[in-house]
Amino acid sequence: MEELPKDQREFCYYCDKEILDDDWVLKPIHITHSNGVKEEVTRKFHYDCLPVFLEKQKSDKDKHIYSAEWDDVYRYFQDNLYTATADGGRGNETIRKYYVTRLLGLKVGKFAPKNTNTRGTKQGYSFATMLNTMKFCKPIIEQRKKVVKFQDERHEINYIMTILENYIGTIDKNMKRVEQLQKKAEKLKQEDMTYHGVSYKKKGTGKRKVSLV
């Protein structure tokens, strides 16, 4: 069966994976657009994703962690990558909103997302991946800035984003590979502990296997 183009397929609002068959549900949610306008819209979710999404929305702890992760990304970009080539660049609210939008776009693999709720979903890359990509690319960006003359702030921001976009996929794969190796090592460690934590004690005339873990 020929696969439909992506613009004709439907994807879960939370996990961004394709919705197939009847495994979905519609849910009205509140979103905030980049211009600050709030709106209620209806989005499709997988049955299993909707309760997770709702729980994350209610959890103050998750919101705190999430806000801290986003803040790390935002501040690193502002303090280490973006230098504001023209007067007033950093203090310009329009420019600030522009690079916030571009950062959120980097997260989901788009030039700019449709709304700021992108930060509250599982779509795209994690904030940890974004931050590590920025740290990896910092020397590259600093070197490029020595030879590139930017036309204005947006030109500089877009140039930086292009570099980040070129590396973030590789950084994400490497981080996931390391995570898998760490999980495998931990599993082997647990299995080794279980194996060495077994002894035998006599009971009557026979032996009884006893786990010490």
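**View 1. The largest nonpolar core of the predicted model.** In this predicted model, the largest nonpolar core is made up of 26 residues, and within this core F77 and L164 are the residues with the most contacts. Four helices each give two or more residues to this core, namely α2 (60-81), α3 (93-108), α4 (127-145) and α5 (153-196). Among these helices, α3 provides the largest share, which amounts to seven residues. For orientation, the protein chain as a whole has five helices and four strands, and along the sequence these elements follow the pattern β-β-α-α-α-α-α-β-β. Of the 213 residues of the protein chain, 30% count as buried.

**View 2. A salt bridge between helices α5 and α3.** E165 forms a salt bridge with R102, and the closest N and O atoms of this pair are 3.8 Å apart. Because E165 lies in helix α5 whereas R102 lies in helix α3, the pair ties together parts that are 63 residues apart in sequence. The two partners can also be described by their accessibility: R102 is buried, with a relative accessible area of 3%, while E165 is partly exposed, with a relative accessible area of 37%. A search of the whole structure finds seven salt bridges, and the pair of E165 and R102 is one of the salt bridges in the model.

**View 3. A salt bridge within helix α2.** D71 and R75 form a salt bridge in which the closest N and O atoms are 2.9 Å apart. These two residues are four residues apart in helix α2, so about one helical turn separates D71 from R75. D71 counts as partly exposed, at 29% relative accessibility, and R75 also counts as partly exposed, at 44% relative accessibility.

**View 4. A salt bridge within helix α5.** The side chains of K183 and E179 meet in a salt bridge, with a distance of 3.6 Å from N to O. Both K183 and E179 belong to helix α5, where they lie four residues apart, about one turn of the helix. K183 is exposed, with a relative accessible area of 55%, whereas E179 is partly exposed, with a relative accessible area of 40%.

**View 5. A negative surface patch.** The residues D21, D22, D23 and D48 form a negative patch on the surface. One of these residues, D23, is found in the segment before strand β1 (25-32), and D23 counts as partly exposed, at 34% relative accessibility.

Terms used:
Residues are numbered from 1 along each chain as its sequence is written. This is a predicted model: local features need pLDDT of at least 70, side-chain atom pairs count only at pLDDT 80 or more; totals for chains, interfaces and linings use all residues. Side-chain values use heavy atoms; hydrogens and water are left out. Patches are made of residues with over 30% relative accessible area and no salt bridge: like charges are joined within 9 Å, nonpolar side chains (Val, Leu, Ile, Met, Phe, Trp, Tyr) within 5 Å. Accessible areas come from the Shrake-Rupley method with a 1.4 Å probe; for residues, only the protein chains shown count as cover. A salt bridge is a side-chain nitrogen of Lys or Arg within 4 Å of a carboxyl oxygen of Asp or Glu. Lys and Arg count as positive and Asp and Glu as negative; His and the chain ends are not counted. The place of a charge is taken as NZ of Lys, CZ of Arg, CG of Asp or CD of Glu. Buried means under 20% relative accessible area, exposed over 50%, partly exposed in between (1.4 Å probe, protein chains only). A nonpolar core is a set of buried Ala, Val, Leu, Ile, Met, Phe, Trp, Tyr and Cys residues joined through side-chain atoms within 4.5 Å.
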